[in-house]
Amino acid sequence: MTIRIETDRLILRLPEPRDTDAHIAMMQEPAVAATLSPTKKPQARSDLWRQFASYLGHWQIRGFGFFSVEEKATGAWVGRVGPWMPEGWPGIECGWAFHSDYWGKGYAPEAAIASVRWTFAQFPDLGRIISVIEQNNTNSQAVAKKIGEEKSGEIFEYKGYRLDIWAANREAWLEWFGL
Ligand SMILES: CC(C)(COP(=O)(O)OP(=O)(O)OC[C@H]1O[C@@H](n2cnc3c(N)ncnc32)[C@H](O)[C@@H]1OP(=O)(O)O)[C@@H](O)C(=O)NCCC(=O)NCCS
């Protein structure tokens, strides 16, 4: 399977084994670990290797998953974005994480809008897309707002954390952003 989604400044493609080190480097950044690590501290390389293996496996099991995001201008691996629904998840989530060298450019919403559009096109019966976001993750909440999501009021309890479910309904989203 080959998937390549092009936006103004980015390319979204399937994650590949060659992305392993870039993924680990991003996840080991303290600023990224502060929101994505269960302990809020950078995780061991071996744990992050397993995590990346699960991203590849998610595509095998579900037929969808996180995309690797490349910056068109440089070819650099800048982050990962995409639909994600591991066992026990409260719906198909659009998740996002970028290496902090690439924050502050508007890359997260640019990639997320493209991936939500892809997800709605893949699943014609999907009524809404969600994002599961910690209550103090204001950077991520800002991205959710930019891609048309609102706080639904639902809480997802995960590993001792109470996470807000942000969501966008299909019809409203497609009316706003188009297929
Ligand atoms: C969440 C995360 C992806 C947000 O990244 P970000 O770079 O801060 O967010 P954006 O891509 O929306 O960029 C925001 C800024 O880029 C700037 N920008 C520059 N050029 C831009 C452009 N062409 N278009 C839009 N914004 C642009 C703007 O100033 C904008 O700031 P503003 O929203 O205050 O106006 C990032 O903080 C991250 O990876 N965090 C760690 C992982 C994480 O928490 N993931 C989510 C778990 S729920």
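**The ligand and the largest pocket**

Me: How many residues of each class are in the lining of the largest pocket?
Reply: The lining has 26 nonpolar, twelve polar and eight charged residues. Ala, Val, Leu, Ile, Met, Phe, Trp, Tyr, Cys and Pro count as nonpolar, Asp, Glu, Lys and Arg as charged, and the others, Gly among them, as polar. The model is predicted, so local features need pLDDT of at least 70 and side-chain atom pairs pLDDT 80 or more, while totals for chains, interfaces and linings use all residues. Residues are numbered from 1 along each chain as its sequence is written, and side-chain values use heavy atoms, without hydrogens and water.

Me: What makes this space a pocket, and what is its volume?
Reply: On a 1 Å grid over the protein atoms alone, a cavity is a set of points where a 1.4 Å probe fits but cannot get out, whereas a pocket is an open set with protein on both sides within 12 Å along at least five of seven lines. Lining residues have an atom within 4 Å of a point. The largest pocket has a volume of about 1200 Å³, the space filled by probe spheres set on points joined across faces, edges and corners. Its lining has 46 residues, with Thr35, Leu36, Arg80, Trp96 and Asn137 closest to the centre.

Me: How do you know where the ligand sits?
Reply: A molecule sits in a pocket if more than half of its atoms lie within 2 Å of the grid points. The space taken by the ligand is the largest pocket.

Me: Why is the pair formed by Thr35 and the ligand called a polar contact?
Reply: A polar contact is a pair of N or O atoms within 3.5 Å; within protein, one must be able to donate a hydrogen and the other to accept it, and residues adjacent in sequence count only if both atoms are side-chain atoms. A polar side-chain atom of Thr35 lies 2.7 Å from a ligand oxygen, so the pair meets the cut-off. Polar backbone atoms of Gly104, at 2.7 Å, and Gly106, at 3.2 Å, also pair with a ligand oxygen.
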